Amino acid sequence: MKDLKEFINGIGAKYELAEEDAAKINTKRFLVNNELKKFVFNKEKLTYIGKYLGKMKKEFLPSSILLEEISAQKLNKVYVDKKTAWLFVCGRDIFKRNVLKIEGISEEGSMFLVMFEDRCIGYGKVDMFEGRSILKNVFDLGDFLRREREND
Amino acid sequence: MSKDFFLKRYKEFGHALKGTEKTRRALRVNTLKISAEEIKKKLEKLGAKVSKIDFVKNGFYIEKTDFSLGASFEYLFGMFSMQEAAAQFAAEVLDVSSSDIVLDMCAAPGGKTCQIAAMMENKGAIVAVDLKRDRVYALENNLERCGVVNCAVYCDDTKKMSFGDVLFDRILLDAPCSGNYVTDYDWFKKRDIEGIKFNAQKQRELLMAAMRLLKKDGILVYTTCSLEPEENELNMQWLSENYKVRFEKINGPGSAALISVLGQELDKQIANCRRFWPNETHTQGFFAAKIVKQ
């Protein structure tokens with residue numbers, strides 16, 4: 001769970017994660033309570049269990065469940081309006097001029113949760129684009145729709 | 001087989017169907033995230049008109065909308081799922097409690113699994129199994145979107161799986177079936193009696209597995225979206241002849257299941273099962289049985 005902890009620390013969140021409750025299925029990471037542990041019958045065929053926390057790709061990508069949980073904490077956040085929020089869930093980056101409110105210090109490389117009406121819709125990393133500061137989309141909730149299309 | 005063949009068949013079962021019936025679009029509220037009242041207000045504010053489905057707890061018919069509900073923030077936040085009204089009925093019949101251990105045998109794409117999880121308030125345990133990996137991806141996607149945390153998913157054949165010494169309080173067997181013409185435009189061209197009998201045999205194999213995995217006094221809910229008696233009442237007759245079971249009465253829309261069908265007189269208890277005929281319920285075709293293992 002080193003990768004997950006690195007993400008949690010990187011974004012400045014606090015998250016209790018007992019090693020004995022952590023489960024790894026291929027690249028995916030889960031938190032499993034004692035009740036569900038009784039239902040691990042065949043690890044080869046198990047694909048998902050308990051609370052899905054995210055998956056490891058080049059870097060750790062948190063699940064929407066984890067993002068929703070940590071978004072209640074005091075973290076780096078940008079608040080956007082509906083139009084910018086929708087463009088973000090369509091995979092677009094966010095320009096500084098489209099941010100309604102920033103919580104936290106914006107530095108190149110720092111991570112920010114993207115909030116729409118007090119709900120987390122994803123997160124991004126501060127980057128520069130043509131001399132301007134942008135929040136580069138790393139993960140957004142539109143991923144659900146993209147995954148659904150892939151599965152059709 | 002032709003459309004005429006099947007429509008004549010349904011007429012013999014007491015239902016003069018046209019073969020052009022349509023289902024009403026519906027959604028199910030995910031009560032893990034929001035209440036039915038709150039989502040109704042939100043959707044109405046967005047310009048959608050919805051009305052309560054009277055035979056399920058947290059479902060709405062979509063009467064009118066000028067935007068795609070499936071591409072809304074509320075959908076992405078997991079506040080609701082698009083789920084046909086009859087399909088919402090299966091989990092209602094299962095009647096779970098938050099301490100149950102539940103097996104969802106043919107779980108993908110997971111609409112019913114998420115519904116069961118919400119009914120259990122994310123407590124207890126659900127073991128969800130499906131054979132096809134691409135469909136299991138959809139199931140996992142739905143579990144994440146809906147915030148389900150009390151579920152273990154297996155990509156496997158339930159019939160061959162070992163569950164150790166675990167027996168389940170509740171089992172949902174929403175069996176793969178021949179489907180029905182309401183949700184499949186080409187249905188009449190694709191289906192014949194041989195295929196229906198083949199599916200019925202496969203369903204019996206799943207029923208055998210379900211009976212093996214169910215606790216004594218546990219409840220198995222068997223559902224299909226087929227209108228064909230071979231996959232419904234005749235399978236229930238086979239079950240009653242081979243296992244000690246009782247069929248609990250299901251209250252709801254539609255009609256009692258058939259007990260005099262295709263020249264056979266069936267166990268009278270089978271009338272406790274429920275059939276949704278598309279001309280009566282304005283849903284897809286649907287069959288539900290609530291079986292208690294004795």
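Buried area is the accessible area (1.4 Å probe) that two parts lose on being put together, summed over both. Keep that in mind for the first exercise. The model is predicted, so local features need pLDDT of at least 70 and side-chain atom pairs count only at pLDDT 80 or more, while totals for chains, interfaces and linings use all residues. Residues are numbered from 1 along each chain as its sequence is written, chains are lettered from A and ligands numbered from 1 in the order in which they are written, and side-chain values use heavy atoms, with hydrogens and water left out.

**Exercise 1. Describe the interface of chain B and chain A.**

Step 1: start with the area. About 3,100 Å² is buried between chain B and chain A, and carbon and sulfur atoms give 62% of that.

Step 2: list the contacts. With contact taken as heavy atoms within 4.5 Å, 39 residues of chain B are in contact with 34 residues of chain A.

Step 3: look for salt bridges, meaning a side-chain nitrogen of Lys or Arg within 4 Å of a carboxyl oxygen of Asp or Glu. The rule finds three across this interface. In one salt bridge, the side chains of A:Lys28 and B:Glu140 meet at 2.9 Å, N to O.

Step 4: assign the chain B side to elements (DSSP runs numbered from the N terminus; helices are H or I with at least four residues, strands E with at least two). At least two residues each come from α3 (73–76), β6 (125–130), α6 (133–146) and β7 (151–155) of chain B. The most come from α6(B), with ten residues.

**Exercise 2. Find out how strand β3 of chain A pairs with β7(B).**

Step 1: apply the pairing rule, which asks for at least two DSSP bridges between two strands. Three bridges join β3 (residues 46–49) of chain A to β7(B).

Step 2: read off the direction, which is antiparallel.

Step 3: pick a bridge. A:Leu46 has B:Tyr154 as its bridge partner in β7(B).

**Exercise 3. Work out the surroundings of B:Asn122.**

Step 1: locate the residue. B:Asn122 sits in the loop between α5 (111–119) and β6 of chain B.

Step 2: classify its accessibility (1.4 Å probe, protein chains only; buried is under 20% relative accessible area, exposed over 50%, partly exposed in between). At 18%, B:Asn122 is buried.

Step 3: check where its side chain reaches. The backbone oxygen of B:Gly147 is at 2.9 Å, and the backbone nitrogen of B:Val149 lies 2.9 Å from a polar atom of the B:Asn122 side chain.

Step 4: add its neighbours. Not counting residues up to four places away in sequence, B:Asn122 touches residues including B:Leu32, B:Ala117 and B:Val148.

**Exercise 4. Follow salt bridges that link distant parts of chain B.**

Step 1: get the total. The whole structure has 31 salt bridges over all chains.

Step 2: take B:Arg24 and B:Glu63, whose side chains meet at 2.7 Å, N to O. B:Arg24 is in the loop between α1 (3–12) and β1 (26–29), B:Glu63 is in strand β3 (residues 59–64) of chain B, and they are 39 residues apart. B:Arg24 is partly exposed at 34%, and B:Glu63 is partly exposed at 38%.

Step 3: move to B:Asp174 and B:Lys112, with their closest N and O atoms 2.8 Å apart. B:Asp174 is in strand β8 (residues 168–174) and B:Lys112 in helix α5 of chain B, so this pair ties together parts 62 residues apart in sequence. Both B:Asp174 and B:Lys112 are buried.

Conventions. A polar contact is a pair of N or O atoms within 3.5 Å; within protein, one must be able to donate a hydrogen and the other to accept it, and residues adjacent in sequence count only if both atoms are side-chain atoms.
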